Amino acid sequence: MTALHDMTVAALANQLRAKKISATEVAQHFLARSQADTSGAFLSFNPEATLAQAKEADAQLAAGTAGPLAGVPMAHKDIFVTTDFPTTAGSKMLEGYRSPFDATVVRKLGVQAGGAGMVNVGKLNCDEFAMGSSNENSAYKPVTNPWDTSRVPGGSSGGSSAAVAARLVPAATGTDTGGSIRQPASFCSITGIKPTYGRASRYGMIAYASSLDQAGPMARTAEDCALMLSAMCGPDLDRDSTSLDVPAENFARDLNASLDGLRIGIPNEFFGEGLAPGVRTAVDAALKEYEKLGAKLVPISLPRTELSIPVYYIIAPAEASSNLSRFDGVKFGHRTKDYTDLVSMYKRSRAEGFGEEVKRRIMTGAYVLSHGYYDAYYLQAQKIRRMISDDFQQAFKVCDVIAGPVAPTVAWKLGEKTDDPVANYLADIFTLPASLAGLPGMSLPAGFGEEGMPVGLQLIGNYFKEAQLLNAAHRLQQATDFHLRQPGGAK
Amino acid sequence: MSLTAQEIDRIANLARLELPPEEGQRMLDQINGFFSIVEAMRAVDTTGVEPLPHPIATIQEVALRLRDDIASEANQREANQRSAPAVERGLFLVPKVIE
């Protein structure tokens with residue numbers, strides 16, 4: 001029999017349903033594997049809680065009341081609040097924090113009544129408050145890329161991508177604000193999807209930039225992502241004011257549909273001089289594969305691609321400065337030992353609790369929202385955001401999905417960009433446009449580029465077209481084997 | 001456009017962040033580095049363009065909902081205060097605000 005950790009979510013779910021294996025046995029296997037990990041992917045474990053969830057899944061499987069993914073293990077990015085595990089958002093600010101409730105996504109995926117029945121193995125490392133693209137902004141420890149341990153796994157969902165690539169867990173949750181699911185998926189050669197903004201509830205997802213933040217699954221295959229995404233989405237109208245009143249869907253329904261006649265838009269701005277040659281070669285080869293599957297490549301233009309960098313890095317910090325004002329050392333989170341009055345308590349607690357990148361974004365955000373600058377920066381950025389979104393609608397008149405690279409390069413070396421925040425921001429260029437427009441986007445393994453490191457292909461769909469994206473991704477995975485390759489680090 | 005050290009101090013105060021001088025200087029350099037890429041955005045003609053606060057408003061009207069103001073959760077003061085830095089008799093403790 002295939003080793004448990006080599007099985008996909010779909011395969012494990014089948015084995016569990018057929019009672020060939022028990023959820024407890026599966027949980028023990030993945031827990032042992034994850035606890036032995038040295039990549040830094042995990043921030044916390046609670047074996048007792050994991051095994052209790054597995055026991056519950058076994059009971060549901062025996063009683064015939066089990067959810068569709070009952071007993072399949074997974075792990076949550078430490079941005080989702082959980083009652084059974086600490087939640088830190090990768091920040092010292094929340095060291096030891098225990099949430100009194102579970103995030104909606106956690107409930108929907110978990111073993112609670114009505115949930116998909118998945119078992120949480122632990123909490124995954126990430127950039128502090130999801131701000132970063134290398135996981136080096138975690139206040140606890142960096143994460144190494146299983147394909148080359150001298151390199152970053154991407155970010156901010158770097159623990160998620162590293163854990164799935166190393167087969168510590170078959171799937172994980174991630175969150176994507178400016179590319180934080182797609183870019184780490186690309187760097188670690190796994191599959192990840194960010195749904196349309198408003199599809200997955202943000203309730204209990206620690207807020208970074210509320211008009212951009214979206215949850216999504218990260219797994220090895222498009223099929224696994226479809227199964228998990230189907231469980232994660234759906235209206236949460238009383239708890240998330242931006243949640244859309246759009247019913248959950250079975251996103252796996254069209255996985256095998258033919259791609260004959262599918263029009264794939266190729267934005268020429270995604271193939272400019274900043275693109276590493278190895279990345280370009282891999283992406284071009286994937287596009288050729290699509291042509292073989294019957295798709296047609298259509299040249300399109302997203303003329304404001306470059307502008308999406310300043311627009312995003314104005315809007316996201318503005319929202320972050322507002323969201324992170326709740327961390328004041330009063331009701332939860334870090335409080336300094338050394339203060340004289342209330343204001344000095346606020347200032348010191350925040351200075352000690354937040355890391356450098358978080359402070360930088362709070363400062364930038366506070367500045368662009370301050371009196372006299374709001375119109376010139378924040379409002380201007382929100383206007384260009386509409387122009388960027390309109391550009392996509394223009395493009396979707398002549399194509400069904402858009403394809404291109406996820407990032408200009410493969411994963412870089414740990415430490416390579418830590419002193420240069422702007423260099424990090426520029427590397428987000430291909431994921432930011434879809435984020436600003438709130439469109440669904442995904443990354444799937446497309447081969448290998450410079451130094452043999454993984455390259456991801458990005459697919460962007462129109463609003464609510466997740467099933468179509470997953471169909472396109474699944475068909476490519478039927479025709480190629482990149483998603484089956486595993487890093488040497490994974491045993 | 002370039003920020004000054006005074007502006008950094010002013011914003012740090014607004015954001016309730018204590019910044020020691022050397023950290024303030026590094027912050028100033030990095031934020032100014034970032035604003036060099038913001039200039040391109042300021043030059044864009046956005047006359048007549050409506051800001052986009054909720055991305056789905058690109059294709060349809062989106063109204064932010066309010067829910068009725070009724071208690072939906074049982075009282076769980078203990079769980080809510082479990083992670084508080086200082087609590088006494090069920091109350092959050094803060095430094096004295098009024099003399």
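Author: Two residues are in contact if their C-beta atoms, placed from the backbone, lie within 7 Å. This model is predicted, so local features need pLDDT of at least 70 and side-chain atom pairs count only at pLDDT 80 or more, whereas totals for chains, interfaces and linings use all residues. Residues are numbered from 1 along each chain as its sequence is written, with chains lettered from A and ligands numbered from 1 in the order in which they are written.

Reader: How many residues does the contact take from chain A, and how many from chain B?

Author: The side of chain A that touches chain B holds 31 nonpolar (Ala, Val, Leu, Ile, Met, Phe, Trp, Tyr, Cys, Pro), 13 polar (the others, Gly among them) and 14 charged residues (Asp, Glu, Lys, Arg). In total, the contact takes from chain A 58 residues and from chain B 46.

Reader: Which element of chain A gives the most to the side that touches chain B?

Author: Elements are DSSP runs numbered from the N terminus: helices (H or I, at least four residues) and strands (E, at least two). Those giving two or more residues to this side are α9, α10, α11, α12 and α13 of chain A. With 13 residues, the most comes from α12(A).

Reader: Is α9(A) roughly parallel or roughly perpendicular to α11(A)?

Author: The axes (lines fitted to C-alpha atoms over the stretch in contact) of α9(A) and α11(A) come within 7 Å and cross at roughly 95°. Since angles of 65 to 115 degrees count as roughly perpendicular, α9(A) is to α11(A) roughly perpendicular.

Reader: What radius of gyration does chain B have?

Author: The C-alpha trace of chain B spans about 55 × 50 × 25 Å along its principal axes. A compact globule of 99 residues would have a radius near 13 Å (2.2 Å times the number of residues to the power 0.38, over C-alpha atoms). Chain B has 23 Å.

Definitions and conventions
Axes are lines fitted to C-alpha atoms, for helices over the stretch in contact, and angles run from 0 to 180 degrees between N-to-C directions. Angles under 35 degrees count as roughly parallel, over 145 as roughly antiparallel, 65 to 115 as roughly perpendicular and the rest as oblique.
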